[in-house]
Amino acid sequence: MFSPNTADLDYLFDYASQSVTINDTERKAIITNPAISEFDQKYIHTIEQVIQGDMIALEGERYLVITESISKRGGKYKALMRHCNIVIERQGEEVCVIVGENEFGDPIQECTVGDPIFISAIVDNKSFSIDDSSAIRVPDNQIIVVVQDKPVNRDKLKVNDTFVFEGNYKVLNRDFTKKGLLILTCERV
């Protein structure tokens, strides 16, 4: 079958690529645009593998890779990424230290809250789908939130947790069926 010349591919990436940050690591990628759709989506082409759920920083914006890219196509990896249209702010970790004891010998703690955690997310009012024709509309008081599946996001976005986005929303369900993505069904409270 067709096997691309790696020297040509290296030359192409040296001259046509741009610097992007993939999961906080700077890499070279070629960014192309798919057909115009309801979302700001782009294709990312790389020499190193990009996987579903990777967070891409491009030109001051954040994108989430929403398709699998298991094997190379034409000597490179290609995946679809979608613009993260909101940032969810969650309270930082609470740290408590023992500062002494009371008159009964019980420990006295001082607790402080760390810096807030910001989670880039895709929010929509339809079920999460790559193909617009297969998306199903969710009830008016619900939204679908898609975030990178990583431990801090699993910890900060549990069932029954609430967050603010144009009102208060509560997490009803967490869906892990798409590797690398945490898909939340949330309801306005």
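**Close-up 1. The largest pocket of this predicted model and the residues that line it.** The largest pocket of the model, which is a predicted one, holds about 200 Å³ of space. Its lining is made up of 15 residues, and those closest to the centre of the pocket are Met55, Arg62, Phe118, Gln148 and Lys150. Three elements, β4 (55-58), β10 (117-124) and α2 (151-156), each supply at least two residues of this lining, and β10 gives the most to it, with four residues. Rolling a probe the size of a water molecule over the atoms shows where empty space is left.

**Close-up 2. The aromatic cluster of Phe163, Phe165 and Tyr169.** Three aromatic pairs are counted in the model, and one of them joins Phe163 to Tyr169 in a stacked arrangement, with 6.2 Å from centre to centre and 25 degrees between the planes. Phe163 is buried, because its relative accessible area is 4%, and Tyr169 is likewise buried, with a relative accessible area of 4%. The ring of Tyr169 also pairs with that of Phe165, and this pair is tilted because the planes stand at 40 degrees, with the ring centres 6.3 Å apart. Phe165 has a relative accessibility of 22%, so this residue counts as partly exposed. Taken together, Phe163, Phe165 and Tyr169 form one aromatic cluster.

**Close-up 3. Two charged side chains placed over aromatic rings, at Tyr43 and at Phe39.** The ring of Tyr43 has the charged end of Lys78 sitting over it, at 4.3 Å from the ring centre. In the other example, the charged end of Arg82 sits over the ring of Phe39, and here the distance to the ring centre is 4.0 Å.

**Close-up 4. Ser17 in the loop between α1 and β1.** Ser17 is placed in the loop that lies between α1 (6-16) and β1 (18-22), and this serine counts as buried because its relative accessibility is 18%, where the limit for a buried residue is under 20%. The side chain of Ser17 reaches the backbone oxygen of Phe13 at 2.2 Å. When its neighbours within four places in sequence are left aside, Ser17 is in contact with Leu12, Lys28, Ala29 and Ile30.

**Close-up 5. Gln52 in the loop between β3 and β4.** The loop between β3 (41-46) and β4 is the place of Gln52, a residue that is buried, with a relative accessible area of 12%. A polar atom of the Gln52 side chain lies 2.7 Å from the backbone oxygen of Lys179. Lys179 also appears among the contacts of Gln52 that remain once neighbours within four places in sequence are left aside, and these contacts are Val65, Ile66, Thr67, Glu68, Lys178, Lys179, Gly180 and Leu181.

**Close-up 6. Glu93 in the loop between β7 and β8.** Glu93 is found in the loop that lies between β7 (86-90) and β8 (94-101), and with a relative accessibility of 44% this glutamate counts as partly exposed. Although Glu93 and Thr112 are 19 residues apart along the chain, their C-alpha atoms are separated by 8.4 Å. Thr112 is one of the residues that Glu93 touches, and the others are Val113, Gly114, Asp155 and Lys156, not counting residues up to four places away in sequence.

**Close-up 7. Two loop residues with a positive phi, Glu59 and Glu166.** Most residues other than glycine have a negative phi. Glu59, by contrast, has a phi near 50 degrees, which is a positive value in a residue other than glycine. This glutamate is placed in the loop between β4 and β5 (61-65), and Glu59 counts as exposed because its relative accessibility is 69%. The phi of Glu166 is near 50 degrees as well, again a positive value in a residue other than glycine. Glu166 has its place in the loop between β12 (162-164) and β13 (168-175), and Glu166 is exposed, with a relative accessible area of 65%.

Technical notes
Residues numbered from 1 in each chain as written. Predicted model: local features only at pLDDT ≥ 70, side-chain atom pairs only at ≥ 80, totals over all residues. Heavy atoms only, no water. Phe/Tyr/Trp six-rings, centres within 6.5 Å; stacked < 30°, edge-to-face > 60°. Buried < 20%, exposed > 50% of the residue type's maximum accessible area, 1.4 Å probe, protein only. Lys NZ or Arg CZ within 6 Å of the ring centre and 35° of its normal. Polar contact = N/O pair within 3.5 Å; in protein donor to acceptor, adjacent residues only side chain to side chain. Contact = heavy atoms within 4.5 Å. 1 Å grid on protein atoms, 1.4 Å probe; cavity = no way out; pocket = protein on both sides within 12 Å on 5 of 7 lines; lining within 4 Å. Points joined across faces, edges and corners; volume = space filled by probe spheres on them.
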